[in-house]
Structure formats: structure tokens, C-alpha cells
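Please find below a briefing on one protein structure, arranged by topic for use at the bench.

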Amino acid sequence: MYFDTHAHLDDGRFSEDREAVIREIFDSGVSLVVNVGADMEGSRASVQLAAQYDGIYAAVGVHPYDAQAMTEVDLAALRELAGSPKVVAIGEIGLDYHYDEADRDKQKEWFLNQIKLAEALDLPYIVHDRDAHADCLEVIRKSGYFRGVMHCYSGSSEMARELVELGFYISFAGPVTFKNGKKAKEAAASVPSGRILIETDSPYLSPEPYRGQRNDSAKVRFVAKEIAALKGMTEEELAKVTLENGKRFFGIE
Ligand code: NI
């Protein structure tokens, strides 16, 4: 039984066949999925999917690219939405310096505000960190609230160790299976298995051998398989420990 801790099944790329895809996901041995909001609309859609399907839970939050336009009104709306049934985290929130379009100070401000929202609601949070490792750590430290997971981890083993010491979980996605994914493989090998989560970030980042195609939660097994090999565990052991980790982290019974 697998737990895909980060998917976007509300994405437009599933609009033609969403029901069939979700049925296949649960038939494939996946028992739990957290559908993650990236903006207000996606957050609402995540709550709706969670209401519709037993195995789907929701995270609500605003991604750094959209967060720069966030207002106090949005934050209040997010707080209300977070009170919906089966909302288990605030996310995805964080910093993204990849295209250098979004104002960095605004990103930091709304990252911190959303961590504070998670703390106020006694929820964990899901961090998106792209090319912003040092500043992400700085904001996290400044917040003083460390019930977080780094999603699709792309940092170093040293940074992973620092985060784990703070109390963080580290989540790996398709890139850990890529031939050029040496850094992610090293990090996955170094993180204690009790702090690892697995995810797809679908429809993005399909693992090998599906790289480049539309991703979905059923493909989380390829991430599990790779990490199991890196840690000298069987795929079943890795699936079991990451399922337990995910339930503990998100507070799912
Ligand atoms: Ni995502």
C-alpha cells in the first residue's frame, strides 16, 4: 500500500478522464493521496476532491508564484478553507527563484505568513523550494515552527540533515529515479527512513520509465522502488514505512 503525499489531480490535464485515473490509482495499490493546492482555486478543488473520494486528503495553500499577489483577504479565505473536513496541511508554500520573476521579499513574506497560519491551525505544512535553499531555511528558522515537509527535495544531504534535526520530513518525487538525479539519490540514501515521504507531484515529474509523460499517483511505486534500492530495503518495507510516516506527519488515522 502506497501513500502519494503530493499530487495535483485537480490539474486541467486530468479534466477528460479524472474519474477513471483516480479509480486506477486506488486499484493499483495506492491507499492514500494528499491533493495539494497551489493557488486559491486549486485549494478549493483539493477540498472538493477530498470530499468526493475516501482515500484523498487535501492541503490548501498558495505557491510562491501566486503568493506575491496574495492579500489579507486571501489569507482569511485560506484559513476558512483549512477548516474543511480532511484538510491535513497548509501547502504548497515556499520560495521559487527559478525564473526570477516573482518579487523575493513578497515571496518570503507570504511564505512566513502561511507557516504562521499552519501553526495557528495546528497543521503541518508542505514546502516548495526551487533554487532558494538558503532563503527557505532562513524563513523556516525565523518562523520557529518546524512541522514541515520539503516536497520534491532537491537540496544537498547536508541541508537534509539540518532539516531533519529541526523536525522536518523529506519527500522525494520522480527526479530521484532520473539518471542525472545523483544529488537526490545521495540525499535519499542519507535521510533516516523514518523521515522519508514519497510523492509524485503529478501531473508533473513522471518517474523513469515514464519520464516526460503525464504523471499520476499510481506511478509513486517507481519512486518507492528507487529509494528502497538506495536504502537496501525491499519495496514493500519502504512502502510500509513511508505510509506510516505520512499518516503520522499528516495526522491521518
Ligand atoms: Ni506540487
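What is the geometry of the site of the nickel ion, judged from the angles among its 4 donor atoms? The site is irregular, with angles of 85 to 172° among those donor atoms. The model is predicted, and the points below cover the metal site, a neighbouring histidine, a buried strand residue, the nonpolar cores and the cysteines.

**Nickel site**

- The nickel ion has His6 (NE2), His8 (NE2), Glu92 (OE) and Asp201 (OD) as its protein donors, at 2.2 to 2.3 Å.
- The site does not count as tetrahedral, because that class requires all angles to lie between 85 and 135 degrees, whereas the angles here run from 85 to 172°.
- Along the sequence, the spacing of the donor residues is H-x1-H-x83-E-x108-D.
- Histidine 8 and aspartate 201 link distant parts of the chain, being 193 residues apart. Histidine 8 is in the loop between strand 1 (2–7) and helix 1 (18–27), and aspartate 201 is in the loop between strand 8 (196–198) and helix 9 (220–231).
- Both of these donors are buried: histidine 8 has a relative accessible area of 7%, and aspartate 201 has a relative accessibility of 9%.

**Histidine 151**

- Histidine 151 is located in the loop between strand 6 (148–150) and helix 7 (157–166), and it is buried at 5% relative accessible area.
- Its side chain makes a polar contact with the side chain of the nickel donor histidine 6, at 3.3 Å.
- A polar contact of 2.8 Å joins the side chains of histidine 151 and glutamate 199.
- Beyond its neighbours within four places in sequence, histidine 151 is in contact with residues including the nickel donors His6, Glu92 and Asp201. Ile126, Val127, His128, Ser171 and Glu199 are also in contact with histidine 151.

**Valine 127**

- Valine 127 belongs to strand 5 (residues 125–130) and is buried, with 0% relative accessibility.
- The C-alpha atoms of valine 127 and glycine 148 are 7.0 Å apart, although 21 residues separate the two in sequence.
- Neighbours within four places in sequence aside, the contacts of valine 127 include Val149, Met150 and His151. Ile93, Gly94, Phe111, Cys136, Ile140 and Phe168 are also in contact with valine 127.

**Nonpolar cores**

- The largest nonpolar core has 69 residues, of which Tyr125 and Phe172 touch the most other members.
- Helix 5 (residues 104–121) gives the most to this core, contributing 6 residues.
- Phenylalanine 172 has contacts outside its neighbours within four places in sequence, among them Tyr153, Ala184, Ala187, Ala188 and Val191. Further contacts of phenylalanine 172 include Ile196, Leu197, Ile198, Glu199, Val223 and Ile227.
- There is also a second, separate core of 16 residues, with Leu32, Ile126, Tyr169 and Phe249 among them.

**Cysteines**

- How many disulfides does the model contain? The count is 0.
- Cysteine 136 cannot be assigned a disulfide because its closest cysteine sulfur, in cysteine 152, is 13 Å away, too far for a bond. The cut-off for a disulfide is a pair of cysteine sulfur atoms within 2.5 Å.
- Cysteine 152 likewise has the sulfur of cysteine 136 as its closest cysteine sulfur, at 13 Å, too far for a bond.
- Cysteine 136 is buried, with a relative accessible area of 0%, and cysteine 152 also counts as buried, at 17% relative accessibility.

Notes: Residues are numbered from 1 along each chain as its sequence is written. This is a predicted model: local features need pLDDT of at least 70, side-chain atom pairs count only at pLDDT 80 or more; totals for chains, interfaces and linings use all residues. Side-chain values use heavy atoms; hydrogens and water are left out. Donors are N, O and S atoms within 2.8 Å of the metal (3.2 Å for Na, K and Ca); water is not among the atoms, so sites may look incomplete. Four donors count as tetrahedral if all angles lie between 85 and 135 degrees; four count as square planar and six as octahedral if opposite donors are over 155 degrees apart and all others between 65 and 115; anything else is irregular. Helices (H or I, at least four residues) and strands (E, at least two) are DSSP runs, numbered from the N terminus. Buried means under 20% relative accessible area, exposed over 50%, partly exposed in between (1.4 Å probe, protein chains only). A nonpolar core is a set of buried Ala, Val, Leu, Ile, Met, Phe, Trp, Tyr and Cys residues joined through side-chain atoms within 4.5 Å. Contact means heavy atoms within 4.5 Å. A polar contact is a pair of N or O atoms within 3.5 Å; within protein, one must be able to donate a hydrogen and the other to accept it, and residues adjacent in sequence count only if both atoms are side-chain atoms.
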